[in-house]
Amino acid sequence: MNFQKIFKNYSSPRQWFTVNKKADEKTAEIFIYDQIGVDFWAGEGVTPKSFISELRDIEKTHKSLDLRINSPGGFVHDGFTIYNALKQSPLEINVYIDGLAASAAAFIAMAGNKIYMPKSAELMIHNAWGMVIGDAEDMKKEAAHLESLNSMIMDIFVERTGKDKAAISSMMNSETWMSGEKAVELGFADELLEESTIAACVFDLDDDILPGLPEGFKNHQNSLKKRIQENALRDAGLSRSAAKKKLAENQRDADEMNSIEIQKSANELITKELQKCQTQFL
């Protein structure tokens with residue numbers, strides 16, 4: 001075995017996460033777009049110590065965190081360390097599974113106050129893996145250790161989904177892959193993000209326009225309408241936090257919102273989208 005190759009990059013490891021934090025924003029972003037922890041064979045990656053150090057810095061200056069994930073997973077204990085740090089954080093944590101949250105990345109995602117997935121993303125859960133060299137007794141000890149790890153991972157999914165442990169155990173034994181839609185259905189995620197082509201079709205929903213629409217669909221569309229309003233405010237120069245605050249204030253006092261020129265632009269945009277959508281549905 002070439003140990004020089006294994007350890008050669010430890011002095012300057014590739015970081016498996018990146019951080020985006022702005023002084024004028026209350027929400028920071030962390031991107032986990034790589035495996036979790038150190039790659040034993042390639043000697044790449046960093047320990048959770050660096051991740052948590054960044055998290056603690058964010059907690060000093062920000063109120064919330066958008067955690068974006070596209071990861072095949074990694075080491076179980078590194079995953080536990082990150083999950084526990086996120087669960088103990090005072091930040092409001094929104095998790096976005098942008099592509100893949102598999103293995104350790106799947107249970108890290110469960111630390112979010114809210115978990116969002118598009119249809120085209122996947123979440124995968126399975127049993128813990130391990131390696132051991134030794135006699136039969138060593139094998140038995142490792143098997144018992146893996147069962148213990150599986151039980152701890154199950155507890156995380158049970159807490160999130162409300163499913164019983166036997167159901168989660170069966171899913172992990174089978175190595176279960178879930179689309180965004182399936183993950184929401186089974187309780188592993190909270191909200192299905194619409195694709196961009198759908199998100200472009202936003203309007204005020206009303207039974208006089210399209211009678212009989214499901215409440216869930218109406219809620220989705222109204223949520224997207226709020227996003228357009230927020231984007232209009234941000235295009236006018238407001239920060240993200242200021243735009244959210246303004247929308248909250250305006251919801252409490254609609255008259256105040258009507259006095260703002262920016263809202264006029266937002267309403268014009270919504271009207272255009274309404275006309276576009278009416279054309280598509282009629």
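Seven of the eight residues of strand β3 are buried, so this strand is largely enclosed by the rest of the structure. Buried here means under 20% relative accessible area, exposed means over 50%, and partly exposed lies in between, with a 1.4 Å probe and protein chains only. Strands (E, at least two residues) and helices (H or I, at least four) are DSSP runs, numbered from the N terminus.

Before we go on, a word on the source: this is a predicted model, in which local features need pLDDT of at least 70, side-chain atom pairs count only at pLDDT 80 or more, and totals for chains, interfaces and linings use all residues. Residues are numbered from 1 along each chain as its sequence is written, and side-chain values use heavy atoms, with hydrogens and water left out.

**Strands around β3**

β3 has a parallel partner in strand β2 (residues 27-32), joined to it by six bridges. Two strands pair if DSSP finds at least two bridges between them. Within this pairing, E29 has D66 of β3 as its bridge partner. β3 also runs parallel to β4, with seven bridges between them, and here S64 stands opposite E92 in β4.

**Strands β6 and β7**

An antiparallel pairing is found between strand β6 (residues 122-125) and β7, over four bridges. L123 has M178 of β7 as its bridge partner. In a regular strand the side chains alternate between the two faces of the sheet. Strand β7 (residues 176-179) shows such alternation: T176 and M178 point to one face and are buried, while W177 and S179 point to the other and are not.

**Helix α3**

How far apart are the end C-alpha atoms of helix α3? They are 18 Å apart, which agrees with the 18 Å that the 13 residues of α3 (residues 76-88) should span at 1.5 Å a residue. The expected span is 1.5 Å times one less than the number of residues. The buried residues of α3 are V76, D78, G79, F80, I82, Y83, A85 and L86. They pack against α2 (48-61), β3 (64-71), β4 (92-102), α4 (104-109) and α5 (136-161); contact means heavy atoms within 4.5 Å.

**Aromatic pairs and a charge over a ring**

The whole structure holds four aromatic pairs. Rings of Phe, Tyr and Trp (its six-membered ring) pair if their centres lie within 6.5 Å; planes under 30 degrees apart count as stacked, over 60 as edge-to-face and the rest as tilted. Two of the pairs are set out here.

| Pair | Centre to centre | Angle between planes | Arrangement |
|---|---|---|---|
| F31 and Y33 | 5.5 Å | 90° | edge-to-face |
| Y96 and Y116 | 5.0 Å | 15° | stacked |

The pair of Y96 and Y116 links distant parts of the chain, with Y96 in strand β4 and Y116 in strand β5 (residues 114-118), 20 residues apart. Y96 is buried, with a relative accessible area of 14%, and Y116 counts as buried at 15% relative accessibility. Y33, in contrast, counts as partly exposed at 43%. Y96 has a further partner: the charged end of R68 sits over its ring, 4.4 Å from the centre. A charge sits over a ring if NZ of Lys or CZ of Arg is within 6 Å of the ring centre and within 35 degrees of the ring normal.

**Two loop residues**

Is F188, in the loop between α7 (180-186) and β8 (191-193), buried or exposed? At 0% relative accessibility, F188 counts as buried. Not counting residues up to four places away in sequence, F188 touches M110, I115, L123, I125, F157, T161, I168, M171, M178 and A183. F157 is 31 residues from F188 in sequence, yet their C-alpha atoms are 7.5 Å apart in space.

S103 lies in the loop between β4 and α4. It counts as buried at 17% relative accessibility. Leaving aside neighbours within four places in sequence, S103 is in contact with P72, G73, M124 and H126.

**The chain as a whole**

The secondary structure of the protein chain comes to 12 helices and eight strands. Of its 282 residues, 43% count as buried. Among contacts between residues at least 6 apart in sequence, 67% join residues at least 24 apart.

The mean pLDDT of the chain is 76, and 62% of its residues reach 70 or more; pLDDT is the predictor's confidence in each residue, from 0 to 100. Over residues 196-213 the pLDDT is below 50, and this stretch has 36 contacts in the model beyond near neighbours in sequence. Residues 278-282 also have pLDDT below 50, with five such contacts.
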